[in-house]
Amino acid sequence: MKNKRLWAKIIFVAVLICIIIYTFRGSWRSILQQIASTTPQILALIAGATVVYHLIEAWITYSLAKLYRPGFHYRNAVYNAFYCSFYRLSTLGSGSGVAAIVYLGKHGVGYAEATGMYTIQYIIHKVSIAIFSGVSFLLNWRVMASHYKNYAVYLILAYILTAAICLLFVLLLIYPGFHRLILSLARKLNRSHKHDGLIRRLEDSIVILEHSSGTLLRNWGKIVTSILKNMLKLCVWYSIPFLILYKTGEISFLSSLSITSLSVMTAGVIPTPAGIGSTELIMTGLFSVMMDVHKAAAVTLLYRIATFILPFVIGAGLILGNRVRRYILDQREKSGCGNPWVS
């Protein structure tokens with residue numbers, strides 16, 4: 001079943017990529033020329049933004065994990081951030097949550113607590129995206145209203161859908177009555193008892209979430225600071241288009257934040273694996289209002305490389321390095337060498 005789902009995702013993403021290639025079929029030379037003209041200094045800034053993003057993500061994980069295991073180390077949270085990014089790409093989005101839960105479980109956070117904690121962290125992240133997009137849109141109202149008034153209906157619909165999704169997330173986090181409603185609807189839909197196993201897993205997941213959210217809700221300060229840290233984290237990534245174009249002056253820092261956050265938020269309501277395809281099309285479309293479409297596509301591709309490919313590569317390097325280190329230690333133990341620094 002898992003292999004079938006993975007293959008379904010791969011086929012779906014392949015179709016989306018083909019659509020993107022066809023859409024820009026006459027522009028790829030210009031797009032690649034735009035990317036090739038990016039200086040090493042700008043590439044270094046983009047890479048730095050990716051690393052800072054993951055360090056802040058690790059800070060959030062670290063502060064939450066310490067509620068469940070006071071001895072949890074920040075270095076483990078940093079490894080976990082890149083570890084999840086590796087599995088986000090390698091499984092097209094579905095495996096990052098499982099990877100986080102397994103890793104946290106191996107480092108002292110109980111698997112039940114890790115499941116609830118990661119779910120809460122994901123909810124806070126999604127709510128933060130919506131808040132960031134709304135705030136940055138209002139702060140940049142004059143530019144956004146003048147350039148995107150023709151998209152008003154679509155933007156309003158995107159905000160309504162995002163607000164509805166965030167409301168569901170918040171209810172899932174703080175209102176036990178909503179949990180009972182979900183279970184009641186699930187049981188009514190399962191009158192034939194074909195999905196009893198799925199219902200039991202749902203019941204277990206809700207119990208875990210209630211236990212974990214209860215721990216967090218006793219400390220509202222953690223929720224507020226986690227949202228603020230997420231806003232800072234998003235600010236780092238959403239500034240990447242500005243970093244790419246800052247020498248040309250084609251886009252302001254605030255416009256970079258508002259357009260990129262709007263693109264990511266809008267793509268988030270479209271059910272595509274890891275946002276692949278939807279993010280590229282929406283971001284290119286929105287940025288092309290402000291600049292040449294070839295440059296907009298180049299900015300989008302560089303953004304995707306920075307936020308998707310580069311973290312995957314760093315995560316792969318950390319995983320490989322960790323496995324090599326463990327292999328060397330195992331070989332030393334088998335050979336009886338012990339500590340190489342002790343004669």
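In this predicted model, W59 sits in helix α3, a good place to begin a tour of how this helix meets its surroundings. Helix α3 spans residues 40-68, and it packs against helix α11, residues 220-238, at an angle of about 170°, the two axes lying 8 Å apart. Since angles over 145 degrees count as roughly antiparallel, α3 is therefore roughly antiparallel to α11.

Which residues make the contact between α3 and α11? From α3 come A49, T50, V52, Y53, H54, I56, E57, W59, I60, S63, L64 and L67, while α11 supplies K222, S226, K229, N230, L232, K233, V236 and W237. Sorted by class, this contact of α3 with α11 holds 11 nonpolar, 5 polar and 4 charged residues.

Charged side chains deserve a closer look here. Side chains of opposite charge can pair when their charged atoms come close. The model has 3 salt bridges, and the side chains of E57 and K233 form a salt bridge, at 2.6 Å from N to O. E57 belongs to helix α3 and K233 to helix α11, so this pair ties together parts that are 176 residues apart in sequence.

W59 and L232 appear again on the surface, where they join V51, L55 and Y74 in a nonpolar patch. Together, the five have about 410 Å² of accessible area. Helix α3 gives the most to this nonpolar patch, with 3 residues.

Note on methods:
Residues numbered from 1 in each chain as written. Predicted model: local features only at pLDDT ≥ 70, side-chain atom pairs only at ≥ 80, totals over all residues. Heavy atoms only, no water. Axes fitted to C-alpha atoms, helices over the stretch in contact; angles between N-to-C directions. Helix = DSSP H or I, 4+ residues; strand = E, 2+ residues; numbered from the N terminus. Parallel < 35°, antiparallel > 145°, perpendicular 65-115°, else oblique. Contact = heavy atoms within 4.5 Å. Nonpolar A, V, L, I, M, F, W, Y, C, P; charged D, E, K, R; others polar. Patch = residues over 30% accessible without salt bridge, like charges linked within 9 Å, V, L, I, M, F, W, Y side chains within 5 Å. Areas by Shrake-Rupley, 256 points an atom, 1.4 Å probe, with all protein chains shown as cover. Salt bridge = Lys/Arg side-chain N within 4 Å of Asp/Glu carboxyl O.
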